[in-house]
Amino acid sequence: MMIDIQGVSKSFGTHKVLNEASLKIERGTTCVIIGRSGCGKSVLLKHIVGILHPDQGKVFVDGKEVSCLNEAGMNALRMKIGMVFQGGALFDSLTVGENVGFGLIEHRKIGQRELLERVEESLCMVGLCGIANLMPSELSGGMKKRVSLARALCIKPELILYDEPTTGVDPITAASINELIKSLHDKLQVTSIVVTHDMVSAYTVADRIAMLYQGKIIADGSPQEIQSSTHPVVHQFINGLAQGPITETLDHDSRIKQ
Amino acid sequence: MKMPQQFFINIGQKVFYFLYFVGGMVNLASQTIYLTFMPPYKKDRIMEQAKKAGFDSLPIVSLVSLFIGFIFALQTAYFMQRMGSEIYIASLVALALVRELGPVITALVVAGRVGAAITAELGSMQVTEQIDALETLATNPIKYLVVPRFVALSLMLPLLTLYADIIGIFGSYLICVYKLGISSGMYIHVTFDALLYKDLFTGLLKTVFFGMIIAFVSCFEGFNVEGGAEGVGQATTRSVVTSFILIIMCDCFFTAIFYFLFP
Ligand SMILES: Nc1ncnc2c1ncn2[C@@H]1O[C@H](COP(=O)(O)OP(=O)(O)OP(=O)(O)O)[C@@H](O)[C@H]1O
Ligand SMILES: [Mg+2]
């Protein structure tokens, strides 16, 4: 699936989160979006599945403008997209198995046997075989995140949006999630967008890295290009420096407020 | 200097919130009613909600209506004994319970018990992005969450009310027969004599609307939660208070209409 974000602006009240952000993602590539906490990465992802609608600008997925789709068109599109929410967003009144199979149960006419197989298969892909009968409240934070990933995988999507898939899981699991993202990309040509703070994971999975800063995509290129970027903001972020333009503007802003 | 300004800003905010509420409720109600009649129909989800709203409310409804029956019998007895016409306690209690007290008390109990639970549940789903997750799984949250609660509440409230009427009358019967010395056969006879079908009908018909009010208000407040756990708490309070007010207003409206329609 190809994604084309054209000049999207979004405000909440007076707070302008996205300010004419533009980004193009080719079919079958993995694009990593980096940026500081609270800069609007999750908001950007929600525009792609049409949970949020842009104040200005357009989002095209597969050539169709997302906010102009009717209900049937939107549902058809969403059945091709898997989204892993930052906090998991598991339905806590349903079991893990029902959560993972939710899309299939609601929309595809498939038999009980096949459903159970698909659910178990998805859970095994994230390393959580045999927990289908637990409730989400019985899981740890990292397990919830992986179940959420399994739920996204279960509908066999063409596009997967990962909102910080490796945050809050141990390094070994994080590495296996990275492997999973890579193998989906290599074997099934799934298009992926990965939001992450973890630069190691970003370099492992990315075909492209884009950086969101002050509501705009300020840099967009291959991992090598980003790594050798001379843009001061990008440089500070990927090297995790305490001093630099990002923190200076913050200091500046807070001085103005005082 | 600042006071009058602040006053008008406050009024403005209240008016704005009110209009937002009315618009949102009308929107939610129309979408819900439309989606209720669109396939697919998920019966088991309605049954689950019907159990939560109806069956699980039986203990508290029994308790409250039994005591209302006791109280009402004793209070009317106070006056009727002075008039020397104790036997009319039966007819008064029957009419008041079936026409007014049964429906309203049941609706208020359900609003406090079920409405609050719905707001808290949907509200915490909202703050943990579960509602967003439903949408990304191509499921309409109104169809999935509101429709079953709407159908369950508007069907269960009349049934619960009917049950409350019976228990309330039974409560009053206990007082009259065992404390005031009215004969059992006489009490039953007078009760059935006083009640007309239209009393029962108008009493139960309005509870269908009370059920809808509870469903719409509690779901609307749940969907509109902002600001984490604290927001859920505030929304729950607001949901119960708003339901109470709307139920009483709606009751007044229906009582007036029925008064002129079925004199
Ligand atoms: N529904 C909303 N209502 C109001 N403000 C919102 C809403 N959603 C997001 N915001 C605001 O938008 C900004 C960006 O939020 P977002 O969740 O996209 O950040 P993020 O880049 O994903 O950060 P993190 O890395 O911490 O997850 C935040 O300042 C937040 O306050
Ligand atoms: Mg985020």
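## A partly exposed glutamate with an unusual phi

A:Glu20 is partly exposed, with a relative accessible area of 49%. That puts A:Glu20 under the 50% cut-off, over which a residue would count as exposed. The residue belongs to strand β2 of chain A, which covers residues 15-25. Its backbone deserves a look too: A:Glu20 is not a glycine, yet its phi is positive, at about 55 degrees. Please keep in mind that everything described here comes from a predicted model.

## Two other backbone features

A:Gln189 is another residue of chain A that is not a glycine but has a positive phi, here about 50 degrees. You will find A:Gln189 in the loop that runs between α7 (171-188) and β8 (191-195) of chain A.

Over in chain B, look for the pair B:Pro39 and B:Pro40. A cis peptide bond joins these two prolines, with omega at about 0 degrees. B:Pro40 sits in the loop between α1 (2-36) and α2 (43-53) of chain B.

## The magnesium ion

Ligand 2 is a magnesium ion, and two side chains of chain A coordinate it: A:Ser42 through OG and A:Gln86 through OE1, at 1.9 to 2.2 Å. These two residues are 44 residues apart and link distant parts of the chain: A:Ser42 is in helix α1 (residues 41-48), while A:Gln86 is in the loop between β6 (81-84) and α3 (96-100). A:Gln86 is partly exposed, at a relative accessible area of 35%.

## Where the two chains meet

Chain A brings 22 residues to the contact and chain B brings 16. Together the chains bury about 1,600 Å² between them, and carbon and sulfur atoms account for 54% of that area. Eight residue pairs are in polar contact across this interface, counting pairs with both residues at pLDDT 80 or more.

On the side of chain A that touches chain B, α2 (71-78), β6 and α4 (102-107) each supply at least two residues. The largest share, four residues, comes from α4 of chain A. By type, the residues on this side are 11 nonpolar, five polar and six charged.

## Salt bridges between the chains

Over all chains, the whole structure holds 13 salt bridges, and four salt bridges are counted between chain A and chain B. One of the pairs is B:Glu135 with A:Arg78, whose side chains meet at 3.7 Å, N to O. B:Glu135 lies in helix α5 of chain B and A:Arg78 in helix α2 of chain A, so this salt bridge joins two chains. B:Glu135 is partly exposed at 23% relative accessibility, whereas A:Arg78 is buried at 5%.

A salt bridge also forms between the side chains of A:Glu106 and B:Arg45, at 2.9 Å from N to O. This pair crosses between chains as well, going from helix α4 of chain A to helix α2 of chain B. B:Arg45 is buried, with a relative accessible area of 16%.

## B:Glu129, a meeting point

Which residues of chain A does B:Glu129 touch? Leaving aside neighbours within four places in sequence, B:Glu129 is in contact with A:Lys46, A:Phe85, A:Gln86, A:Gly87 and A:Ala89. A:Gln86 in that list is one of the residues that coordinate the magnesium ion. B:Glu129 itself is in the loop between α4 and α5 (130-136) of chain B, and is buried, with a relative accessible area of 19%. Its side chain makes a polar contact of 2.7 Å with the side chain of A:Lys46.

## Ties within chain B

B:Asp251 and B:Lys206 form a salt bridge at 2.8 Å, N to O. B:Asp251 lies in helix α9 (residues 228-261) and B:Lys206 in helix α8 (residues 197-223), so the salt bridge ties together parts of chain B that are 45 residues apart in sequence. B:Asp251 is buried, at 7% relative accessible area, and B:Lys206 is buried too, at 3%. Elsewhere, salt bridges with shared partners gather A:Lys46, B:Glu129 and B:Asp132 into one network.

B:Arg113, in helix α4 (residues 88-127) of chain B, is partly exposed at 32%. Beyond its neighbours within four places in sequence, B:Arg113 is in contact with B:Lys52, B:Asp56, B:Ser57 and B:Ile60. The side chains of B:Arg113 and B:Ser57 share a polar contact of 3.0 Å, and a polar atom of the B:Arg113 side chain lies 3.4 Å from the backbone oxygen of B:Lys52. B:Val240 is 127 residues from B:Arg113 in sequence, with 8.9 Å between their C-alpha atoms.

Definitions and conventions
Residues are numbered from 1 along each chain as its sequence is written. Chains are lettered from A and ligands numbered from 1 in the order in which they are written. This is a predicted model: local features need pLDDT of at least 70, side-chain atom pairs count only at pLDDT 80 or more; totals for chains, interfaces and linings use all residues. Side-chain values use heavy atoms; hydrogens and water are left out. Donors are N, O and S atoms within 2.8 Å of the metal (3.2 Å for Na, K and Ca); water is not among the atoms, so sites may look incomplete. Buried means under 20% relative accessible area, exposed over 50%, partly exposed in between (1.4 Å probe, protein chains only). Contact means heavy atoms within 4.5 Å. Buried area is the accessible area (1.4 Å probe) that two parts lose on being put together, summed over both. A polar contact is a pair of N or O atoms within 3.5 Å; within protein, one must be able to donate a hydrogen and the other to accept it, and residues adjacent in sequence count only if both atoms are side-chain atoms. Ala, Val, Leu, Ile, Met, Phe, Trp, Tyr, Cys and Pro count as nonpolar, Asp, Glu, Lys and Arg as charged, and the others, Gly among them, as polar.
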